[in-house]
Amino acid sequence: MADCLDLVARKTLEQRVEALKGDGYVYFPEALSAEEVGALRNVMDRLEACPDEFDRHTDPSSRGFLNKSINNVFNRDPVFLSHLDHPEVIDVVEAVHGSDCHVIGMTAWMTGPGRPDQGVHVDWQPLELPEDVMDDPRVELPVYITTVHYYLDDIYEELGPTQFIPGSHRAGRGPSNGESSWRGVEPRSILCSGGDAVLFRCEVWHRGTANTSGQVRYLLQVHYAQRMITQKFPPYLNRFQFEPAILSRATARQRRLLGEHVQSNYD
Ligand SMILES: O=C(O)CCC(=O)C(=O)O
Ligand SMILES: [Fe+2]
């Protein structure tokens with residue numbers, strides 16, 4: 001069994017930013033109430049995959065295990081709007097990406113029994129640098145993209161926790177050819193409670209693990225980025241449309257996060 005990570009609740013914005021920059025991730029206990037978790041799970045059960053929007057839905061009879069992932073759920077139900085800018089999470093996101101940052105995706109993801117281990121990976125490696133350059137304390141790469149995971153179950157090893165290798169974003173590269181540890185540190189599991197959240201930067205080495213339980217894992221992911229990084233709202237070429245009834249309920253900050261920016265470079 002993999003070691004689990006110590007889940008440290010950082011109290012101040014500065015400490016949270018420091019954890020994201022130093023460890024590659026930061027933990028938020030009880031980000032969501034039990035009611036919010038229940039409401040999200042209910043909507044996720046109801047949502048249907050739209051292949052045009054790059055959603056996926058396989059079930060045990062087709063691909064061996066349930067894998068239902070619905071993109072851009074902020075456009076599917078108003079229940080998701082408030083999760084674009086959870087008060088504590090958004091402060092860290094804006095601190096690292098800038099006050100004009102935006103959401104590049106929001107995915108509701110259900111993974112059932114039989115889901116295999118992912119390989120250890122980075123979500124995106126914006127820049128590769130030699131490790132001795134990365135070891136120089138003067139070298140600090142911008143945080144280009146982050147993802148927050150809202151866990152909607154109490155997570156235990158058999159349910160398939162996310163695992164992280166703390167500090168591995170300082171490798172200056174992603175893992176190669178099945179490499180699964182960095183400087184002797186193995187991936188370690190986030191065993192948290194339903195409603196807890198973890199925000200991580202795109203270049204930290206991590207993976208989702210096998211679901212060997214009899215239960216489906218429910219996860220809500222929100223992806224954020226510096227404004228200069230494009231939003232990923234398929235279908236493309238003018239076919240993605242915001243749902244007016246949902247957009248009309250968004251706050252000014254939520255609208256900005258969805259793309260209502262003031263004019264800037266290249267606009
Ligand atoms: O399933 C998880 O916990 C993590 C998933 C992940 O890292 C990915 O799909 O890129
Ligand atoms: Fe990932």
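## The sheet

In what order do the seven strands of the open sheet stand? The order is β1-β8-β5-β10-β4-β3-β2, with antiparallel pairing. Strands here are DSSP runs of E, at least two residues long, while helices are runs of H or I of at least four, and both are numbered from the N terminus; two strands pair if DSSP finds at least two bridges between them. At the edges you'll find β1 (25-28) and β2 (56-58), each with a single partner strand, so one side of each has no neighbour in the sheet.

This is a predicted model, where local features need pLDDT of at least 70, side-chain atom pairs count only at pLDDT 80 or more, and totals for chains, interfaces and linings use all residues. Residues are numbered from 1 along each chain as its sequence is written, with chains lettered from A and ligands numbered from 1 in the order in which they are written.

## A pair in the sheet

Now look at β5 (residues 145-151) and β10 (residues 217-225): they run antiparallel, joined by seven bridges. In this pair, V148 of β5 sits opposite V222 in β10.

## Helix α4

Which residues of helix α4 (residues 87-97) are buried? They are V89, V92, V93, V96 and H97, where buried takes 20 or more other C-beta atoms within 10 Å of a residue's own, with C-beta atoms placed from the backbone. They cover an arc of only 110 degrees around the axis (taken from the directions from the helix axis to the C-beta atoms), so they lie on the same side of α4.

Right after α4 comes G98, with a positive phi near 105 degrees.

Terms used: Buried ≥ 20, exposed ≤ 12 C-beta atoms within 10 Å, placed from the backbone.
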